[in-house]
Amino acid sequence: MSSDKRPPGLESPFRRKLLLGTAAASAAAFLPSLARAQQFPTAQVNTTGLAVTDSDVTVGILHSVTGTMAISETGSVQAEKLAIDQINAGGGVLGRKIKFIQEDGASDWPTFAEKAKKLLVNDKCAAVMGCWTSASRKAVLPVFEQYNGMLYYPTFYEGLEQSKNVIYTGQEATQQIIAGLDWVTKEKGAKTFYLLGSDYIWPRTSNKIARKHIENFMKGTKVVGEEYFPLGHTQFNSVINKIKLTKPDVIYAIIVGGSNVAFYKQLKAAGIDLKKQTLMTISVTEDEIDGIGGENIVGAYACMKYFQSLDNPNNKAFVEAFHKMWGPKTVIGDVTQAAYLGPWLWKLTVEKAGSFDIDKVAAASPEVEFKGAPEGYVRIHPNHHLWSKTRVGRARADGQYDVIYETADLMEPNPFPKGYQ
Amino acid sequence: MGYSFGELGSIFAMQAFAGLILFSVFVLMALGLAIIFGQMGVINMAHGEFMILGAYMTFLTSHLFQTYWPNGYAGYFFVAMAVAFIVSGALGLLVEWTLIRWLYARPLDTLLATWGLSLIMQQAFRSIFGPREVGVQLPDWMMGSLQVTDLIEVQINGLFVMGLTIIITAVVALLLYRSRWGLQVRAVVANRAMAGAVGIDTRRVDRMTFGLGCGIAGIAGSAFTMIGSTGPTAGQLYIVDTFLVVVFGGAQSLLGTIASAFTISQSQSTLEFFLSGSMAKVTTLLIVIGLLMLRPQGLFVLKVRR
């Protein structure tokens, strides 16, 4: 995997594009990839028996397309298929076309583990793009470690995890939370926070980090309430009354799934106008707003790394390609974009390593950078998370966000934050 | 806590109101299930899906109005509820005719069959409307709240749900206790074999009951677009609470359903104010379990000759 193995002049994707361009001009589009595949004989780039042939390489897509989580995971599947399509159109990976095998995790964690094993053991997938909830990731993690596979995991999550076999393309909790809290304190002069969440690991860990930051790292700020609701809870009137009574400067909400819809509808019905009352969420992407209804959440602030409305050339091209493939009405949320990064990061890493071997890909991952990311530049940290910017968006009535703040620098991923546990 | 008396008074009023809204929601959810369970002993596991069918009908109606008759948008909700009732009710009749009536002698099998039906309906919603949740837009007059005092605000959609619940409960009560059909239903509940023997078409009574129960579920689902989500699996969010209300109330009594909805909703909303959301739920469930241990038959029971 050392860099001297690579043929000279082929380091950067840009040069490769040039090469491709010249080749295409000679009207033999398959030639360059074939030629490229010959430069990397299968026996050399695949020493561990993965599903790699002279002409193609197989990866897995493992998401729920049935069951409760299908709501969320559909976008990820779409993004991954788009990325694979685009990579293939550009000549594939080391001259090989990507073929994918899609399995359905069916919103059931043991099923995820079973399908992961199938993808790794039977199908010998060179990489798997998949999972959404932390529960599904925790279920497949031992499988990936035992059978030595590579998982690209797209969701923002609670951190406290790191594995040689996983690349986390979403943000871990500190990246998402700290910048947002700092911003709201500075810009809105917020002093008091009311923390809300659905009752499971991600909201609880995230609120714990938020509380530590509010109480120990910022000055003069405090938490005036913290509450959790069972998943699927649909009645928020009591807590809304409590919020009215405590009058917090900021409502900090990490509510997920169907509860989200109930929460924002009832908040509006109770006369809390989010244009006046500051509410910050880290769980509502454009996908969720589709169900909530833009008119019910207009004015709320969301803190994450990507919004569909981001104004940069990469993102414009991405949104256009996405709409062309999946219809002009589909919305693109933070996780969908992170899922799109998975196949690209894998491709870049494989080309850096000059090999499909899992160990070499894992070892080559740190410092791999992707300049074409819709969110802007990203780079893989040695802890297998991504360096990325954090942004604050404000919800509009049409279901999109206006990006009103972004951190000046890339935020360092810190899955095991000191002082926050 | 450092609240003034005025504040506490207002909060007390608002909490009471929140409890009443929850009460209406529970009654609306449970009514359809209670009728079916009480009359035929069939536990309809697909009840939540019939509600979501109503919600999707509301979604479609709102789109039709937006496209073809935007001026009438303010009133679309009433049309939507009618559509929801008719479609869910019709599907209920169909399901009874094709599925349930073959299983009357086997109550456990109806449980399994209706559960299967719920899975089929969920996947059908997913295939037809997509896996994502859909946003149902409400006419403006239904959102927002009436300002009573500085702190007290009354939610319009809460009032709407309460009004709707009262009307539907009254209609069902009238049907059951003042109509010929109701008389037949009560006869069948009291003694199915004897009712058949005196010439009541018990099959027909069953079918009508099942259709009515599903239709009411449809209306409930339509109303819940105001307060909750509309997605393929959203029905699952309501089903547990619904069963709780029906079982706790004593399965065969309308009054029991109402009393149980009242008890559960009031204790839950009060507890939610003093504890966190999850703890309130746990405590409510413990109370219900405790009461059911003392009164396994539920709060109210009809005297039935076995």
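Here is a friendly walk through a predicted model of two chains, A and B, told in questions and replies.

Me: What makes G291(A) count as buried?
Reply: A residue is buried if 20 or more other C-beta atoms lie within 10 Å of its own. G291(A) has 24 C-beta neighbours inside 10 Å, so G291(A) counts as buried.

Me: Where does G291(A) sit, and which residues is G291(A) in contact with, leaving aside its neighbours within four places in sequence?
Reply: G291(A) belongs to helix 11 of chain A. Leaving aside neighbours within four places in sequence, its contacts are V261(A) in its own chain, and R132(B), E133(B), V134(B), G135(B), S229(B) and G231(B) in chain B. The C-alpha atom of G291(A) is also separated by 9.8 Å from that of I71(A), although the two positions lie 220 residues apart along the chain.

Me: How many residues does each chain bring to the contact?
Reply: Chain A gives 35 residues and chain B gives 39 residues. On the chain A side, helix 4 (70–89), strand 7 (222–229), helix 9 (237–246), helix 10 (258–269) and helix 11 (286–292) each supply at least two residues. By kind, the residues of that side are twelve nonpolar, 15 polar and eight charged.

Me: What is chain A built from, and why is chain A called as compact as a globular protein of that length?
Reply: Chain A has 15 helices and 15 strands. Its radius of gyration is 22 Å, and the globule rule gives 22 Å for 421 residues, so chain A is as compact as a globular protein of that length. Along the principal axes, its C-alpha trace spans about 70 × 40 × 40 Å. Of its 421 residues, 55% count as buried. Among its contacts between residues at least 6 apart in sequence, 71% join residues at least 24 apart.

Me: Why is chain B called as compact as a globular protein of its length?
Reply: Chain B has eleven helices and two strands, running α-α-α-α-β-β-α-α-α-α-α-α-α from the N terminus on. The radius of gyration of chain B is 20 Å, close to the 19 Å that the globule rule gives for 306 residues, so the description fits chain B. Its C-alpha atoms fill a box of roughly 65 × 55 × 35 Å along the principal axes. As for burial, 49% of the 306 residues of chain B count as buried.

Me: What makes strand 2 and strand 5 of chain A edge strands?
Reply: They belong to an open sheet of five strands in the order 2-1-3-4-5, with parallel pairing. Strand 2 (97–104) and strand 5 (166–168) each pair on one side only, and that makes them the edges. From one strand to the next, the twist averages 25 degrees.

Me: How do you know that strand 4 of chain A pairs with strand 5 of chain A?
Reply: Two strands pair if at least two bridges are found between them. Three bridges join strand 4 (residues 151–153) to strand 5, and the two run parallel. One example is L151(A), whose bridge partner in strand 5 is V166(A).

Me: How do you know that both faces of strand 9 of chain A are covered?
Reply: Strand 9 (residues 278–281) has T278(A) and M280(A) on one side and L279(A) and T281(A) on the other, and all are buried. Strand 8 (residues 250–254) pairs with strand 9 in the parallel sense over four bridges, and A253(A) has T281(A) as its bridge partner. The chain passes from strand 8 through helix 10 to strand 9 in a right-handed β-α-β crossover. Strand 10 (residues 301–304) also pairs with strand 9 in the parallel sense, over two bridges, with A302(A) as the bridge partner of T281(A).

Me: Why is strand 6 of chain A called mostly covered?
Reply: Six of the seven residues of strand 6 (residues 192–198) are buried. Strand 6 pairs with strand 7 in the parallel sense over seven bridges, S198(A) having F229(A) as its bridge partner. With helix 8 (residues 201–217) added, strands 6 and 7 make a right-handed β-α-β unit. Strand 6 also pairs with strand 8 in the parallel sense, over five bridges, and L196(A) stands opposite A253(A) there.

Definitions and conventions. Residues are numbered from 1 along each chain as its sequence is written. Chains are lettered from A and ligands numbered from 1 in the order in which they are written. This is a predicted model: local features need pLDDT of at least 70, side-chain atom pairs count only at pLDDT 80 or more; totals for chains, interfaces and linings use all residues. Two residues are in contact if their C-beta atoms, placed from the backbone, lie within 7 Å. Ala, Val, Leu, Ile, Met, Phe, Trp, Tyr, Cys and Pro count as nonpolar, Asp, Glu, Lys and Arg as charged, and the others, Gly among them, as polar. A residue is buried if 20 or more other C-beta atoms lie within 10 Å of its own, exposed if 12 or fewer, and partly exposed in between; C-beta atoms are placed from the backbone. The radius of gyration is taken over C-alpha atoms; the globule rule is 2.2 Å times the number of residues to the power 0.38. Axes are lines fitted to C-alpha atoms, for helices over the stretch in contact, and angles run from 0 to 180 degrees between N-to-C directions. A crossover is right-handed if, with the strands pointing away from the viewer, the path from the first strand over the helix to the second runs clockwise.
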